[in-house]
Amino acid sequence: MILYPFLLLVFFGVMLLYFKIADHYNIIDKPNERSSHTEVTIRGGGVIFTFAIVCAVVLHPQYWLPGLGLLAISVISFIDDRITLSSKIRVVVHIAAVTLMFAYLNIFETPFYVCIALYIISIGIINMYNFMDGINGITGAYTLVVLAGLQYVNLKGEAFIEADLIWLPMLASVAFLFFNFRKRAKCFAGDVGSVAIAFWIVFLLFRLIQVSGHWAYILFLSVYGVDAVLTIVHRLILKQNIFKAHRLHFYQILANERKLLHVIVAACYAFVQFIIIAFIVLYINASEWIIFITITTSLAIIYIVFKPKLMKGKSSF
């Protein structure tokens, strides 16, 4: 067990080293009209997630295929953090990374329409996770809760993967949160952080679903999912270009319009997801459709009822 405290110290050291590199090469995030922050901040601190997962794969090299996919998607995301790349290039690399993951999971043995659906779901979740990374603490806190839920199932229920492959990114989340879960964040995750950890969570969820046979575990991402999907619907109603940056996510309304502290909003999102994960773990052997409808309907009602009330002077539903 001494390995984990040691690795946590290593991860803190890697973060501090990255800060020096980022400062030297001017790897920063400058606020714009769509930002939820107002000060120049180091970008790309989420590289710690990639570092941690690579360490886990080194310890368990049989996972080299998804590990290679993680490296590919991390590298292209880090480059995109530095210079804005064509969306076509990003999509090609995302598809290639997901293909490596699917090769490990033997997804290609399923019917082609299932493969296509899983490609759409995977890339959709990865981009959703990236879009939801907009305020201090939200990616780190939400990730820590989701990984903790997966680890609980792994250790107490369905053993679906080596524990290190979850423990190490959890430790990375702790190290990242130390510098990010603040009123004035020391660093942001950047695409390299949110995209990389999203890819790994998709891998872990698909592996769990594959081993357990329970698709309802996908609801471990339900808070993000409902916010992302209903925000797209909202923007379509407003006839906005859904591919352009915006500040209409529920969490953005709370942080920007209602001026709640970022860390409070982030903690609320993580806490609600924690409650949902606990509910899923308790009732996973019940009807999965009832679980799905109960959770998504409850979250949708909260979104639809409260969002218009929270938006001050902005176009609503």
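This is a chat about helix packing, the core and a few single residues in a predicted model.

Reader: Before I dig in, what should I know about the model and the numbering?

Author: It's a predicted model, so local features need pLDDT of at least 70, side-chain atom pairs count only at pLDDT 80 or more, and totals for chains, interfaces and linings use all residues. Residues are numbered from 1 along each chain as its sequence is written, and side-chain values use heavy atoms, with hydrogens and water left out.

Reader: Cool. How many residues are in the largest nonpolar core?

Author: That core has 102 residues. A nonpolar core here is a set of buried Ala, Val, Leu, Ile, Met, Phe, Trp, Tyr and Cys residues joined through side-chain atoms within 4.5 Å. Buried means under 20% relative accessible area, exposed means over 50%, and partly exposed is in between (1.4 Å probe, protein chains only).

Reader: Which residues have the most contacts inside it?

Author: L150 and Y269. As for helices, helix 8 (residues 190-212) gives the most to this core, with 14 residues. Helices are DSSP runs of H or I with at least four residues, strands are runs of E with at least two, and both are numbered from the N terminus.

Reader: And what is L150 in contact with, beyond its sequence neighbours?

Author: Leaving out neighbours within four places in sequence, L150 is in contact with F160, I166, L204, L205, L208 and F220. Contact means heavy atoms within 4.5 Å.

Reader: Back to helix 8. At what angle does it cross helix 3?

Author: Roughly 160°, and the axes of helix 3 (residues 64-82) and helix 8 come within 7 Å. The axes are lines fitted to C-alpha atoms, for helices over the stretch in contact, and angles run from 0 to 180 degrees between N-to-C directions.

Reader: Parallel or antiparallel, then?

Author: Helix 3 and helix 8 are roughly antiparallel. Under 35 degrees is roughly parallel, over 145 roughly antiparallel, 65 to 115 roughly perpendicular, and the rest oblique. The crossing is right-handed, where right-handed means that the near helix is turned clockwise from the far one by less than a right angle, and left-handed means anticlockwise.

Reader: Which residues of helix 3 and helix 8 meet?

Author: On helix 3, they include G67, G69, I73 and F78, and on helix 8, V192, V195, W200 and F203 are among them. The residues of this contact divide into 10 nonpolar, 5 polar and 3 charged. Ala, Val, Leu, Ile, Met, Phe, Trp, Tyr, Cys and Pro count as nonpolar, Asp, Glu, Lys and Arg as charged, and the others, Gly among them, as polar.

Reader: What about helix 3 and helix 4, right-handed or left-handed?

Author: The crossing of helix 3 and helix 4 is left-handed. Their axes come within 7 Å and cross at roughly 165°, so helix 3 and helix 4 are roughly antiparallel. The contact includes G69, A72 and I76 of helix 3 and V93, H94 and A97 of helix 4. By class, it has 13 nonpolar, 2 polar and 2 charged residues.

Reader: H94, a histidine! Buried or exposed?

Author: Buried, at a relative accessible area of 6%. With neighbours within four places in sequence left aside, H94 is in contact with I73, I126, N127 and V195.

Reader: OK, new pair. How do helix 2 and helix 7 cross?

Author: Helix 2 (residues 47-59) and helix 7 (residues 164-180) cross at roughly 155°, with axes that come within 8 Å. That crossing is right-handed. Among the residues that meet are F49, A52 and A56 in helix 2 and L168, A172 and F176 in helix 7. The class split for this contact is 13 nonpolar, 1 polar and 1 charged.

Reader: Switching to backbone: where is N106, and what is its phi?

Author: N106 lies in the loop between helix 4 (87-105) and helix 5 (112-131). Its phi is near 60°, a positive value in a residue other than glycine. Most residues other than glycine have a negative phi. N106 is partly exposed, at 42% relative accessibility.

Reader: And K259, how exposed is that one?

Author: K259 is exposed, with a relative accessible area of 65%. K259 sits in the loop between helix 10 (250-257) and helix 11 (262-283), and phi of K259 is also positive, near 60°.

Reader: Last one: what is I284 in contact with?

Author: Apart from neighbours within four places in sequence, I284 is in contact with H214, A216, Y217 and I291. I284 counts as buried at 6% relative accessibility.
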